[in-house]
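Biologist: Could you walk me through this model, please? I would like to learn how each label is earned.

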Amino acid sequence: MPTVNQALPSPFAFEPSKTALVVIDMQRDFIEPGGFGAALGNDVSLLADIVPDVARLIAHARMRGWQIVHTRESHAPDLSDCPPAKRLRGQPSARIGDKGPMGRILVRGEQGNAIIDALAPIDGELVIDKPGKGAFYATRLGEELAMRGVTHLVFAGVTTEVCVQTSMREANDRGYDCLVIEDATASYIPAFKEVTLAMIRSQGGIVGWTATLEQLLEADA
Ligand code: C5J
(Lines give C-alpha, C1' and ligand atoms only; values in the text may rest on other atoms or scores of the structure.)
Protein backbone atom coordinates (compact mmCIF):
# COMPACT_ATOMS: atom_id res chain seq x y z
CA MET A 1 0.00 0.00 0.00
CA PRO A 2 1.49 3.44 -0.88
CA THR A 3 2.52 5.33 2.25
CA VAL A 4 3.52 8.99 2.39
CA ASN A 5 6.15 8.52 5.07
CA GLN A 6 6.92 12.22 5.38
CA ALA A 7 3.28 13.26 5.85
CA LEU A 8 2.62 15.19 9.03
CA PRO A 9 2.01 14.39 11.78
CA SER A 10 2.57 10.72 10.83
CA PRO A 11 2.80 8.48 7.74
CA PHE A 12 -0.35 8.44 5.58
CA ALA A 13 -1.13 5.08 3.97
CA PHE A 14 -3.82 4.77 1.32
CA GLU A 15 -5.27 2.24 -1.09
CA PRO A 16 -5.40 3.94 -4.54
CA SER A 17 -8.61 2.12 -5.53
CA LYS A 18 -10.34 3.55 -2.44
CA THR A 19 -8.91 7.05 -2.77
CA ALA A 20 -10.46 10.16 -4.27
CA LEU A 21 -8.79 13.44 -5.13
CA VAL A 22 -11.09 16.32 -4.17
CA VAL A 23 -10.24 19.56 -5.97
CA ILE A 24 -12.04 22.39 -4.26
CA ASP A 25 -13.40 25.42 -6.14
CA MET A 26 -10.67 26.06 -8.74
CA GLN A 27 -13.11 28.45 -10.41
CA ARG A 28 -12.65 31.57 -12.48
CA ASP A 29 -14.56 33.54 -9.80
CA PHE A 30 -11.77 32.91 -7.28
CA ILE A 31 -8.69 32.68 -9.48
CA GLU A 32 -9.03 35.08 -12.40
CA PRO A 33 -9.06 38.88 -12.36
CA GLY A 34 -12.62 40.21 -12.58
CA GLY A 35 -14.17 37.52 -10.40
CA PHE A 36 -15.64 37.37 -6.90
CA GLY A 37 -12.25 37.05 -5.17
CA ALA A 38 -10.84 40.09 -6.94
CA ALA A 39 -14.02 42.08 -6.27
CA LEU A 40 -13.51 41.45 -2.56
CA GLY A 41 -10.12 43.16 -2.84
CA ASN A 42 -7.93 40.04 -2.93
CA ASP A 43 -4.73 39.44 -4.88
CA VAL A 44 -5.85 36.52 -7.04
CA SER A 45 -2.32 35.79 -8.28
CA LEU A 46 -1.68 34.05 -4.95
CA LEU A 47 -4.26 31.45 -5.96
CA ALA A 48 -3.23 31.30 -9.61
CA ASP A 49 0.29 30.33 -8.49
CA ILE A 50 -0.82 26.83 -7.45
CA VAL A 51 -2.46 25.96 -10.80
CA PRO A 52 0.60 24.05 -12.20
CA ASP A 53 0.87 21.92 -9.04
CA VAL A 54 -2.87 21.20 -8.96
CA ALA A 55 -2.61 20.19 -12.63
CA ARG A 56 0.26 17.79 -11.80
CA LEU A 57 -1.76 16.32 -8.95
CA ILE A 58 -4.82 15.80 -11.17
CA ALA A 59 -2.63 14.20 -13.87
CA HIS A 60 -1.18 11.84 -11.26
CA ALA A 61 -4.62 10.90 -9.90
CA ARG A 62 -5.87 10.21 -13.47
CA MET A 63 -2.82 8.08 -14.21
CA ARG A 64 -3.25 6.06 -11.00
CA GLY A 65 -6.99 5.59 -11.48
CA TRP A 66 -8.15 7.43 -8.36
CA GLN A 67 -11.66 8.79 -8.30
CA ILE A 68 -11.61 12.53 -9.03
CA VAL A 69 -14.06 15.07 -7.67
CA HIS A 70 -14.18 18.76 -8.62
CA THR A 71 -16.33 21.15 -6.62
CA ARG A 72 -17.76 24.55 -7.50
CA GLU A 73 -19.12 26.98 -4.96
CA SER A 74 -22.31 27.96 -6.73
CA HIS A 75 -25.92 28.95 -6.29
CA ALA A 76 -29.13 28.50 -8.24
CA PRO A 77 -30.01 31.52 -10.42
CA ASP A 78 -32.96 32.37 -8.13
CA LEU A 79 -30.59 32.21 -5.12
CA SER A 80 -33.05 29.95 -3.31
CA ASP A 81 -30.05 28.04 -1.91
CA CYS A 82 -28.22 31.16 -0.72
CA PRO A 83 -29.30 32.22 2.75
CA PRO A 84 -29.44 36.02 3.25
CA ALA A 85 -26.89 35.56 6.05
CA LYS A 86 -24.40 34.44 3.37
CA ARG A 87 -25.41 36.86 0.61
CA LEU A 88 -25.46 40.01 2.71
CA ARG A 89 -22.00 39.49 4.16
CA GLY A 90 -18.89 40.95 2.50
CA GLN A 91 -18.61 43.93 0.21
CA PRO A 92 -21.93 45.58 -0.74
CA SER A 93 -20.42 46.14 -4.20
CA ALA A 94 -19.86 42.41 -4.87
CA ARG A 95 -22.60 40.22 -3.51
CA ILE A 96 -23.48 36.70 -4.61
CA GLY A 97 -25.93 37.02 -7.51
CA ASP A 98 -24.76 40.51 -8.53
CA LYS A 99 -23.60 41.08 -12.07
CA GLY A 100 -19.80 41.20 -12.45
CA PRO A 101 -17.40 41.20 -15.40
CA MET A 102 -17.73 37.38 -15.68
CA GLY A 103 -21.50 37.21 -15.18
CA ARG A 104 -23.50 36.88 -11.98
CA ILE A 105 -21.20 36.17 -9.04
CA LEU A 106 -21.17 32.52 -7.85
CA VAL A 107 -24.26 31.68 -9.89
CA ARG A 108 -24.40 28.29 -11.63
CA GLY A 109 -23.84 28.39 -15.37
CA GLU A 110 -22.24 31.85 -15.40
CA GLN A 111 -18.82 32.32 -16.99
CA GLY A 112 -17.12 33.11 -13.69
CA ASN A 113 -18.53 30.03 -12.03
CA ALA A 114 -16.69 27.63 -14.32
CA ILE A 115 -13.60 25.69 -13.31
CA ILE A 116 -10.57 27.29 -14.99
CA ASP A 117 -9.67 25.80 -18.39
CA ALA A 118 -6.28 24.49 -17.20
CA LEU A 119 -7.99 22.20 -14.66
CA ALA A 120 -11.18 21.36 -16.53
CA PRO A 121 -12.86 18.09 -15.49
CA ILE A 122 -12.93 15.28 -18.04
CA ASP A 123 -15.60 12.64 -18.68
CA GLY A 124 -16.12 10.31 -15.74
CA GLU A 125 -15.05 12.81 -13.08
CA LEU A 126 -17.58 14.01 -10.55
CA VAL A 127 -18.48 17.69 -10.50
CA ILE A 128 -20.25 18.79 -7.34
CA ASP A 129 -22.04 22.14 -7.11
CA LYS A 130 -22.06 23.19 -3.49
CA PRO A 131 -24.02 26.08 -2.00
CA GLY A 132 -21.95 26.06 1.20
CA LYS A 133 -18.29 26.28 2.01
CA GLY A 134 -18.19 22.54 2.79
CA ALA A 135 -18.45 20.01 -0.05
CA PHE A 136 -20.80 17.69 1.87
CA TYR A 137 -23.42 20.24 2.94
CA ALA A 138 -26.54 20.04 0.70
CA THR A 139 -24.78 17.96 -1.96
CA ARG A 140 -24.75 14.33 -3.07
CA LEU A 141 -21.00 13.95 -2.43
CA GLY A 142 -21.36 11.61 0.57
CA GLU A 143 -23.58 9.19 -1.38
CA GLU A 144 -21.35 9.32 -4.47
CA LEU A 145 -18.21 8.49 -2.46
CA ALA A 146 -19.99 5.72 -0.55
CA MET A 147 -21.20 4.17 -3.84
CA ARG A 148 -17.60 4.08 -5.06
CA GLY A 149 -16.21 2.58 -1.82
CA VAL A 150 -13.94 5.56 -1.16
CA THR A 151 -12.26 5.67 2.27
CA HIS A 152 -9.38 8.14 1.76
CA LEU A 153 -9.52 11.70 0.42
CA VAL A 154 -6.69 13.84 -0.90
CA PHE A 155 -7.55 17.54 -0.93
CA ALA A 156 -6.37 20.40 -3.12
CA GLY A 157 -7.84 23.75 -4.10
CA VAL A 158 -8.91 27.06 -2.63
CA THR A 159 -9.09 28.63 -0.24
CA THR A 160 -7.19 26.66 2.38
CA GLU A 161 -8.88 28.13 5.43
CA VAL A 162 -12.39 28.42 4.01
CA CYS A 163 -13.69 25.78 1.57
CA VAL A 164 -10.78 23.33 1.76
CA GLN A 165 -10.67 23.27 5.54
CA THR A 166 -14.47 23.16 5.93
CA SER A 167 -14.74 20.27 3.46
CA MET A 168 -11.91 18.39 5.14
CA ARG A 169 -13.48 18.75 8.56
CA GLU A 170 -16.82 17.55 7.21
CA ALA A 171 -15.05 14.56 5.65
CA ASN A 172 -13.15 13.79 8.84
CA ASP A 173 -16.42 13.73 10.81
CA ARG A 174 -17.80 11.28 8.24
CA GLY A 175 -14.92 8.86 8.83
CA TYR A 176 -12.62 9.59 5.88
CA ASP A 177 -8.84 9.72 6.29
CA CYS A 178 -7.88 13.06 4.75
CA LEU A 179 -4.60 14.38 3.38
CA VAL A 180 -4.21 17.97 2.18
CA ILE A 181 -1.46 18.71 -0.33
CA GLU A 182 0.37 21.77 0.93
CA ASP A 183 1.55 23.20 -2.38
CA ALA A 184 -1.76 22.45 -4.14
CA THR A 185 -3.80 24.71 -1.88
CA ALA A 186 -3.70 28.47 -1.37
CA SER A 187 -5.24 31.37 0.46
CA TYR A 188 -5.51 35.07 -0.36
CA ILE A 189 -3.94 35.48 3.09
CA PRO A 190 -0.78 33.34 3.16
CA ALA A 191 -0.56 33.35 6.97
CA PHE A 192 -4.04 31.78 7.10
CA LYS A 193 -2.88 28.94 4.86
CA GLU A 194 0.07 28.19 7.12
CA VAL A 195 -1.97 28.29 10.30
CA THR A 196 -4.69 26.10 8.76
CA LEU A 197 -2.14 23.45 7.79
CA ALA A 198 -0.71 23.63 11.32
CA MET A 199 -4.20 23.21 12.81
CA ILE A 200 -5.04 20.20 10.65
CA ARG A 201 -1.96 18.24 11.69
CA SER A 202 -1.90 19.40 15.33
CA GLN A 203 -2.79 17.16 18.27
CA GLY A 204 -1.81 13.98 16.44
CA GLY A 205 -3.66 14.91 13.24
CA ILE A 206 -6.88 16.06 14.79
CA VAL A 207 -8.64 16.42 11.43
CA GLY A 208 -6.09 14.92 9.05
CA TRP A 209 -2.64 14.91 7.52
CA THR A 210 -0.58 17.25 5.33
CA ALA A 211 2.19 16.53 2.82
CA THR A 212 3.87 18.19 -0.13
CA LEU A 213 3.11 17.18 -3.71
CA GLU A 214 6.61 15.72 -4.15
CA GLN A 215 6.21 13.61 -1.02
CA LEU A 216 2.93 12.20 -2.36
CA LEU A 217 4.27 11.58 -5.88
CA GLU A 218 7.35 9.83 -4.51
CA ALA A 219 5.23 7.56 -2.29
CA ASP A 220 2.82 6.65 -5.10
CA ALA A 221 5.33 6.33 -7.98
C1 C5J B 1 -14.56 31.41 -0.26
C2 C5J B 1 -13.80 29.25 -1.04
N3 C5J B 1 -13.37 31.73 0.24
N4 C5J B 1 -13.87 28.46 -2.08
N5 C5J B 1 -14.73 30.25 -0.96
O6 C5J B 1 -15.51 32.13 -0.13
O7 C5J B 1 -12.92 29.12 -0.21
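Modeller: Gladly! This is a predicted model, and its protein chain has an accessible surface of about 9,400 Å². Carbon and sulfur atoms account for 54% of that surface.

Biologist: How many of the 221 residues count as buried, as a percentage?

Modeller: The buried share of the protein chain is 51%. A residue earns that label when its relative accessible area is under 20%.

Biologist: What makes the radius of gyration of the protein chain agree with a compact globule?

Modeller: For 221 residues, the globule rule gives a value near 17 Å, and the protein chain has 17 Å, so the two agree. The C-alpha atoms fill a box of roughly 50 × 35 × 30 Å along the principal axes.

Biologist: And which secondary structure elements are in the protein chain, and how many?

Modeller: The protein chain holds 9 helices and 10 strands.

Biologist: How do you know that the span of helix α7 agrees with its number of residues?

Modeller: Let's set one value against the other. Helix α7 covers residues 160-173, which is 14 residues, and at 1.5 Å a residue the expected span is 20 Å. Its end C-alpha atoms are 18 Å apart, so this counts as agreement. Among the buried residues of α7 are C163, V164 and M168. After α7 comes G175, with a positive phi near 95 degrees.

Biologist: What makes the bond from V158 to T159 stand out?

Modeller: That peptide bond is cis, with omega about -15 degrees, whereas most peptide bonds are trans. T159 sits in the loop between β8 (152-158) and α7. Another cis bond runs from L8 to P9, with omega near 10 degrees. P9 belongs to the loop between β1 (3-4) and β2 (12-13).

Biologist: Why is D25 called buried?

Modeller: The relative accessibility of D25 is 0%, so D25 counts as buried; the cut-off is under 20%. D25 lies in the loop between β3 (19-24) and α1 (28-31). Its phi is positive, about 55 degrees, although D25 is not a glycine.

Biologist: Is Q203 buried or exposed, and how do you know?

Modeller: Exposed means over 50% relative accessible area. Q203 has 67%, so Q203 is exposed. Q203 is part of helix α8 (residues 190-205), and its phi is positive too, near 50 degrees.

Biologist: Why do you point out a positive phi?

Modeller: Because most residues other than glycine have a negative phi.

Notes:
Residues numbered from 1 in each chain as written. Predicted model: local features only at pLDDT ≥ 70, side-chain atom pairs only at ≥ 80, totals over all residues. Heavy atoms only, no water. Helix = DSSP H or I, 4+ residues; strand = E, 2+ residues; numbered from the N terminus. Rg over C-alpha atoms; globule rule 2.2 N^0.38 Å. Buried < 20%, exposed > 50% of the residue type's maximum accessible area, 1.4 Å probe, protein only. Areas by Shrake-Rupley, 256 points an atom, 1.4 Å probe, with all protein chains shown as cover. Expected span 1.5 Å × (residues − 1).
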